[in-house]
Amino acid sequence: MKKIILSLIITFLSINLYALADLNPPMPHKPKPTHKEQKEFSQLLDERLNFTPEQKAILKQNRKKNRKEMEKIVKEMEKLHNEIKVVYLSGIPKYQADIKTSTKKIQLVLLKQEADNLRKKHREEFEKILTDEQKVEFEKFKKELLIKKTNQ
C-alpha cells in the first residue's frame, strides 16, 4: 500500500513539476563569473558602499560560510545534470529517457529552488549589515547594474 501511495505521489509531482519547469535535457549553464570578475565586483561594491573594517570582516566570514553552503547544492545539481545528460545521450528514445530521468528532474527542480532560497537568505544577511546610507547606495548600484545588463 505504501509503495502504491508513494508511486502516486511521485507521478503527481512529476506531472505538476513538468508543467512548472522545462524538463528537457539540461542546457549549458551561463558561465560562472571568474575569480577576477568576482574580485572586481567586490572591489567596486566596497568602493561604492565604503565598508567599515568590521563590515569587511563580517562579509568575509559570511562569504566563506555561504560558499560552503552553496557548493554542496551546486555539486549535487551538476551530478544530476550529468546523470540526465548520460541518459539522453545513450541513444534510447526520448520518451524513454524522459521517463528514466523524471525523478532526477524533480530533484533538480527542488535543488534549484533550494539554491534560490539560499541566495535570498544570503542577500538578506548582506543587507542586514548595511547602514541606512549604504542601503540607499546599494539600491542605486543594483539599478545601475540592471540598466547595464539590459543595454548589453
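Lys94 comes out partly exposed in this predicted model, with a relative accessible area of 44%. Its salt-bridge partner is Asp98, and the closest N and O atoms of the pair sit 3.0 Å apart. Both residues belong to helix α4, four residues apart, or about one turn of the helix. Asp98, for its part, has a relative accessible area of just 19% and counts as buried, because the cut-off for buried is under 20%.

Further along helix α4, Arg119 and Asp116 pair up in much the same spirit: they are three residues apart, so about one helical turn separates them. Their side chains meet in a salt bridge at 2.8 Å, N to O. Arg119 is partly exposed at 41% relative accessible area, and Asp116 is partly exposed at 47%.

Not every bridge stays within one helix. Glu83 and Lys104 form a salt bridge at 2.9 Å, N to O, and this pair ties together distant parts of the chain, with Glu83 in helix α3 (residues 53-89) and Lys104 in helix α4 (residues 94-128), 21 residues apart. Glu83 is partly exposed at 26% relative accessibility, and Lys104 is partly exposed with a relative accessible area of 26%. Elsewhere, Lys65, Glu69, Lys121 and Glu125 are joined in a network of salt bridges. The structure holds 13 salt bridges.

As for the overall picture, the protein chain has five helices and zero strands, reading α-α-α-α-α along the sequence. Of its 152 residues, 24% are buried. Among contacts with a separation of 6 or more, 73% come from residues 24 or more positions apart. The chain exposes about 12,200 Å², with carbon and sulfur atoms supplying 60% of that area.

Note on methods. Residues are numbered from 1 along each chain as its sequence is written. This is a predicted model: local features need pLDDT of at least 70, side-chain atom pairs count only at pLDDT 80 or more; totals for chains, interfaces and linings use all residues. Side-chain values use heavy atoms; hydrogens and water are left out. Helices (H or I, at least four residues) and strands (E, at least two) are DSSP runs, numbered from the N terminus. Buried means under 20% relative accessible area, exposed over 50%, partly exposed in between (1.4 Å probe, protein chains only). Contact means heavy atoms within 4.5 Å. Accessible areas come from the Shrake-Rupley method with a 1.4 Å probe; for residues, only the protein chains shown count as cover. A salt bridge is a side-chain nitrogen of Lys or Arg within 4 Å of a carboxyl oxygen of Asp or Glu.
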